Amino acid sequence: LRALKRVVQLGTVGAIGYGAYEIYGKRHPLEQKPFDPKKRTVVVLGSGWGAVSFLKSINTDDYNVMVVSPRNYFLFTPLLPSCTVGTIELRSIMEPIRFITQHKSRNVKFYESECTDIDPESKTISITDVSDIKGSVSNTTVHYDYLVMAVGADNQTFGMAGVREFACFLKEIWDAQKIRTRLMDCVESAGFAKQAPEEVDRLLHMVVVGGGPTGVEYAAELHDFLKDDLEVWYPELADKFRITLVEALPNVLPMFSSQLIQYTESTFKQNKIEVLTKTMVKEVADKEIKVMDANKNLVSIPYGLLVWATGNCPRPLTRKLMARIKEAQTSPRGILVDDYMRVAGAPDIYAIGDCTFSKYAPTAQVATQQGLYLASVFENLARIEEGQNKKITPFEYSHQGSLAYIGSDKAIADLPFLNGNVSVGGVATYVFWRSVYISNMFSFRNRFLVVGDWMKSKVFGRDVSRE
Ligand code: FAD
Ligand code: NAI
């Protein structure tokens, strides 16, 4: 018992020491070397998973580094669905990019702007300040020696009219905020004096399109919010809330093993989330969608809130670059790169993460590993230039498993084990899910805030105020 007490004491002292070191270190960056005109300039586009992983590892003693992104923060996307219902607050999963750039040995320039064009011939990019506030200059060009594209992907809409106008996506911080506000608007409008019964039904019908992990995790979080909070605070509406998940394929979560697909579908059934498989959305209007159901009938589904999660498509910038080098870029689904992350047809341009189209799924796991790999390529390039004998090996992906939250404190996990796969699901997997994400967060500050949010929502419930 005494030994255990000692371990606990040492653990506590260690944790406090680590926390204090992290806090002090983050708030007090050391002085940085200035840009060196003799060094090559690496321009990084983006501040997401791929870009940040690259930035954390790139040796700025070897290069001048510049970052261009329309958002000045990194977003921990795996916990974004939890923000749509207030289990976690938005700022808890954001990390200012300067918390990373200011800790490099050489100054890293950051421009909050969007790259609108890339000219591989002149090795320049055009950038535009897209914020509401502008100075006297809001468009300029920047020269690069090496360009790292990590701009992610856009929301896939298949060009369907009404999607951008009436549905909510779930990719960015403002998407989660919009969903949270719109959800509470639906609930309060349903409770409005003398509201027509069919309007109450419509307003309280939350429809999610796309049974991939984004749609499933959102439906799961929404279910928890309805059960734990909304039904308590709006007892008069409690039996009217409905969630429907629409999926074109025969089942949800096609990337998971069949037993976890079944487990998810049966958990959703228990939780009264209606799953419409083999059902494809054909039209989107302001109050209803039209779907082709499993029997090939065109059916109208009225909704209050519509969340659209049908996957990725290339961003306009990605398409523009691909059009410039169209002989080499033959896939409409994203940038083609070789095994060294070099963009086919554009010398000195590299691409990582969701903006590429490859044999890998567009996940944070892949983007992170590619960012790390590319930083090591640049390290080796610098050593080779100094005359050292270094070999650049191709990128190899190591799959760490797939996880998803499915509601009612249950998660699913497909984990690689020996040469096979282990599939687990349930409450214990949920504890594992939480611990994996907490340990993968980018900073101690994020971890602290997220754990605090989890405790806060457990003790006080989620906030039902409309923002
Ligand atoms: P992103 O992280 O999207 O970053 C792109 C960056 O480029 C952003 O900073 C953006 O502002 C910037 N940018 C955009 N346009 C321009 C431009 N024109 N010029 C300059 N910069 C630009 N994956 C997992 O592995 N596990 C999960 O649990 C998981 N959960 C997810 C949950 C949700 C809700 C979502 C939406 C995704 C999830 N993913 C998960 C997928 C994961 O988020 C993506 O695969 C990952 O973000 C891809 O990283 P990226 O760096 O390619 O792009
Ligand atoms: P996705 O591409 O994985 O799934 C989209 C789904 O929408 C597909 O199943 C598709 O059949 C369906 N669909 C498309 N058009 C439709 C229509 N008109 N009507 C009905 N259904 C339609 O997209 P998602 O979920 O946004 O994920 C994108 C990427 O991010 C994936 O690679 C995914 O693995 C990753 N991700 C991973 C998470 C995790 O690991 N927990 C969580 C969220 C995303």
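**A chat about a sheet, a ligand and a ring pair**

Visitor: Which residue stands opposite Thr124 in S7?

Guide: Asp119 does. Keep in mind that this is a predicted model.

Visitor: How many bridges link S6 and S7?

Guide: Five bridges. S7 covers residues 124–128, and S6 and S7 pair in the antiparallel sense.

Visitor: What holds paired strands together in a sheet?

Guide: Backbone hydrogen bonds do that, and the pairing can be parallel or antiparallel.

Visitor: OK, what is the strand order of the open sheet?

Guide: The order is S6-S7-S8. That open sheet has three strands, with antiparallel pairing.

Visitor: Which are the edge strands?

Guide: S6 (114–119) and S8 (139–143). Each of these pairs on one side only.

Visitor: By how many degrees are neighbouring strands turned against each other?

Guide: By 25° on average, with direction ignored.

Visitor: New topic. How many residues surround ligand 2?

Guide: There are 22. The closest are Thr214, Glu247, Ala248, Val281 and Leu403.

Visitor: How do the shell residues around ligand 2 divide into nonpolar, polar and charged?

Guide: Twelve are nonpolar, eight are polar and two are charged.

Visitor: Which helix and which strand each supply at least two residues of that shell?

Guide: Helix H8 (213–233) and strand S14 (280–284). H8 gives the most, with three residues.

Visitor: You listed Val281 among the closest. Which atom of ligand 2 lies 3.1 Å from its backbone?

Guide: A nitrogen atom of ligand 2. On the Val281 side, the partner is a backbone N or O atom.

Visitor: And where do oxygen atoms of ligand 2 come in?

Guide: One oxygen atom of ligand 2 is 3.4 Å from a polar backbone atom of Gly311. A backbone N or O atom of Pro362 also lies 3.2 Å from an oxygen atom of ligand 2.

Visitor: What share of the accessible area of ligand 2 does the protein cover?

Guide: The protein covers 79%. On its own, ligand 2 has 840 Å² of accessible area.

Visitor: Switching again. How many aromatic pairs does the structure hold?

Guide: It holds 20. One of them is Tyr146 with Phe378.

Visitor: Why is the pair of Tyr146 and Phe378 edge-to-face?

Guide: Because their ring planes stand at 85°, and over 60 degrees counts as edge-to-face. The ring centres are 5.1 Å apart.

Visitor: What parts does that pair tie together?

Guide: Tyr146 lies in strand S9 (residues 146–149) and Phe378 in helix H11 (residues 364–385). So the pair ties together parts that are 232 residues apart in sequence.

Key: Residues are numbered from 1 along each chain as its sequence is written. Chains are lettered from A and ligands numbered from 1 in the order in which they are written. This is a predicted model: local features need pLDDT of at least 70, side-chain atom pairs count only at pLDDT 80 or more; totals for chains, interfaces and linings use all residues. Side-chain values use heavy atoms; hydrogens and water are left out. A residue is near a molecule or strand if one of its heavy atoms lies within 4 Å of it. A polar contact is a pair of N or O atoms within 3.5 Å; within protein, one must be able to donate a hydrogen and the other to accept it, and residues adjacent in sequence count only if both atoms are side-chain atoms. Accessible areas come from the Shrake-Rupley method with a 1.4 Å probe; for residues, only the protein chains shown count as cover. Helices (H or I, at least four residues) and strands (E, at least two) are DSSP runs, numbered from the N terminus. Ala, Val, Leu, Ile, Met, Phe, Trp, Tyr, Cys and Pro count as nonpolar, Asp, Glu, Lys and Arg as charged, and the others, Gly among them, as polar. Two strands pair if DSSP finds at least two bridges between them. Axes are lines fitted to C-alpha atoms, for helices over the stretch in contact, and angles run from 0 to 180 degrees between N-to-C directions. Rings of Phe, Tyr and Trp (its six-membered ring) pair if their centres lie within 6.5 Å; planes under 30 degrees apart count as stacked, over 60 as edge-to-face and the rest as tilted.
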